[in-house]
Amino acid sequence: MRVKPGQSLSIKLTNNLDYNLGPNPPTAADYWKMLQNAGEHIKYQRYKRRAPDPSHMKVDHANMPHGFQTTNLHLHGLDVEVHMFDPVGTHNPDAPHIAIQPGECYCYNFNVPDHHPGGMYWYHPHVHGATAIQMWSGMIGLLYVDGPLEAELQEYGIKNTQEFVIWDPAFRSVDEKNHNLEVDEFLLGQTTLSKIHPFLVNGKQTPNFQVGMGEALHLRSLCATIENENTFIVYPEGMEHNSWKESAIPFWVIASDGVTFRKPRKKIIMVMSGGQRDEILLQFDEPGRYVISQQGIQGMQFFDMRGHPHDQILATITVSESSDGSKPIVPISEMEFTPGYSEEESIKAEDIAGSETIVFSMGADFDKSPFPQYYVNGQSFDPNKINFHAKPGEAREYTLINANHNAHPFHIHVNRFQVKEVGSELSTEVYPVLESVLDFDPDIWRDTFMVPPNGRTRIWVQYKNYTGKTVLHCHFLAHEDTGMMATLFIGEQDWVFRAKDHIQWIIGCMIGTVFSSVGLILHVRREKKRVYS
Ligand SMILES: [Cu+2]
């Protein structure tokens, strides 16, 4: 999709998913069965006794994977009306998810503001319980907001622009020729050590990109992984992967999460978590073959297990001697672009209206379904409760804590933030990419950012003028589906819904008044009788 700032975007989403296709959602009995022989597969300590049989499993129904054929639409990172709950922009704290059933359609209408930063965004379904399975199955799309970046790159002589979408499908088995195979059962397959799923780039296994010597290759990258992080490292093909640092080819990041920087930022490694977009410029002085590799983060993946290859070549690049004459007219380091946000728009310490702590953690109760349990501030997702409040236009500070040994990427809908601090208790021995995780850019704007394993990320969120009920969550979507999400209410609830909240109190008062009036009348009558007798 492509949209211009100031345009409105009307989308009619028709659900053509078939009830008869795809895996069935797991039941409590499935989890119970899996946990019977979990000893060899699951590294968790047994915190609690196992349920003697499936009927003794405690089931958290709201956070069981479910509704695999129900869908909806989330525009990730876009400054538009809140659109998770029904209807779009709702101020009803009890509003349910927008949930489009097979055969039904839903019409969305969004107003993209005039000043919207031009850049790379994306869209995907977001029905709690079915988000991961639908994205593992490929329901992902790119959305560009027009901005000055494309023309500015052309003016600098950069014409080779390619998309670079990293995706971690969970298929039962994948070979190079045929990856149109059955999707793993939700989560259950993740607890075994048996399956290796390669990451795909643009839907292909290890695709090749071509560029001439001295030219610049512009990669528009989206990390669309469902529950994995990725590193982006470039080095000559054939190098020992563990000595990549000595021969790493530096690259420049010119935009992140749809917001262009004024100056390119030079890096030799970048860590991306599911949801992040980064626009990259690459340039090679020598012809030959190069690789884009992801490595060093295996220990931090979902379940800390070998569900995905340890170090993987994501793509190859062939650099030819011939050039089509599209060499940049100035060195990349000297380029300047129109920034998505000016420096004056940065949040200042005195603008912070309040601070809160958000803790992401996991539970390993063997007698609870789903397993494991995912929590935000110690609670699984409850759509009927409002967890966080904010006012439109204000800035708030959040300290995001990750109590686990794997990463949790934080995403907040509709609003952007600046990262102020990142830390982790782990050493680089346990967590090889820690150094680059700590090397964050404090003034750039993001909508998704990693909370490192056993670590914290402090952010400042700038709330816009979009009000209503929305969410913040972990962007490992299997974590979100099974509980790691919280509701956020921006602005005031409508008086109708407020009155509804108070209805019990009002009825209580009325009943109380009636009873006390009756009591008073009886008392007065009794007193009168006493006087007369
Ligand atoms: Cu998570």
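This section describes the fold, cores, sheets and selected local features of a predicted model.

The protein chain comprises eight helices and 30 strands. Of its 533 residues, 43% are classed as buried. Contacts across the chain are dominated by distant pairs: where the two residues lie at least 6 apart in sequence, 82% of contacts join residues at least 24 apart.

The largest nonpolar core contains 110 residues, among which V234, L282, Y290, I459 and V461 touch the most other members. Strand β11, spanning residues 216-223, is the element that gives the most to this core, with a contribution of five residues. A second core, separate from the largest one, consists of eight residues and includes A28, Y31, L35 and F371. The surroundings of L282 illustrate the packing within the largest core. When neighbours within four places in sequence are set aside, L282 is in contact with A216, L217, L219, V234 and F251. One of these partners, V234, is itself listed with L282 among the members that touch the most others.

Helix α1 supplies several buried positions, namely A28, D30, Y31, W32 and L35. Of these, A28, Y31 and L35 also belong to the second core. The cover over the buried residues of α1 includes strands β3 and β20. The loop that follows the helix, between α1 (28-36) and β3 (58-59), holds H56. This histidine is exposed, because 12 other C-beta atoms lie within 10 Å of its own and a residue with 12 or fewer is assigned to that class. Apart from residues up to four places away in sequence, H56 touches A51 and D367. The pair H56 and D367 is 311 residues apart along the chain, yet the separation of the two C-alpha atoms is 7.3 Å.

Two open sheets were examined. In the first, six strands follow the order β21-β19-β23-β28-β25-β26, and the pairing is mixed. The edges are occupied by β21 (373-376) and β26 (445-446); each has a single partner strand, so one side of each lacks a neighbour in the sheet. Edge strand β26 runs antiparallel to β25 (residues 416-424), and two bridges join them. Within this pair, F417 has R446 of β26 as its bridge partner.

The other sheet is also open and has mixed pairing, with five strands in the order β22-β30-β29-β24-β27. Here β22 (388-390) and β27 (448-451) form the edges, each pairing on one side only. From one strand to the next, the twist averages 25 degrees. In the interior of the strand order, β24 (residues 408-412) and β29 (residues 468-474) are linked by three bridges in the antiparallel sense. One residue of this pairing is I412, whose bridge partner in β29 is L472. In general, the strands of a sheet pair through backbone hydrogen bonds, in either a parallel or an antiparallel sense.

Backbone geometry was considered next. A cis peptide bond links D86 to P87, with omega near -5 degrees. P87 is located in the loop between β4 (74-76) and β5 (105-111). Another cis peptide bond runs from F371 to P372, where omega is near -10 degrees. The loop between β20 (368-369) and β21 contains P372. The residue preceding this proline, F371, is included in the second nonpolar core, and β21 is an edge strand of the six-stranded sheet.

Positive phi values occur at two residues other than glycine described here. The phi angle of T206 is near 45 degrees, and T206 lies in the loop between β9 (200-201) and β10 (208-212). The phi angle of D257 is near 50 degrees, and D257 occupies the loop between β13 (251-256) and β14 (259-267). The burial classes of the two residues follow from their C-beta counts. T206 is partly exposed because 16 C-beta neighbours fall inside 10 Å, a count between the limits of 12 and 20. D257 is buried because 25 C-beta neighbours fall inside 10 Å, and the threshold for burial is 20 or more.

Note on methods:
Residues numbered from 1 in each chain as written. Predicted model: local features only at pLDDT ≥ 70, side-chain atom pairs only at ≥ 80, totals over all residues. Core = buried A, V, L, I, M, F, W, Y, C linked by C-beta atoms within 7 Å. Helix = DSSP H or I, 4+ residues; strand = E, 2+ residues; numbered from the N terminus. Contact = placed C-beta atoms within 7 Å. Pairing = 2+ DSSP bridges. Axes fitted to C-alpha atoms, helices over the stretch in contact; angles between N-to-C directions.
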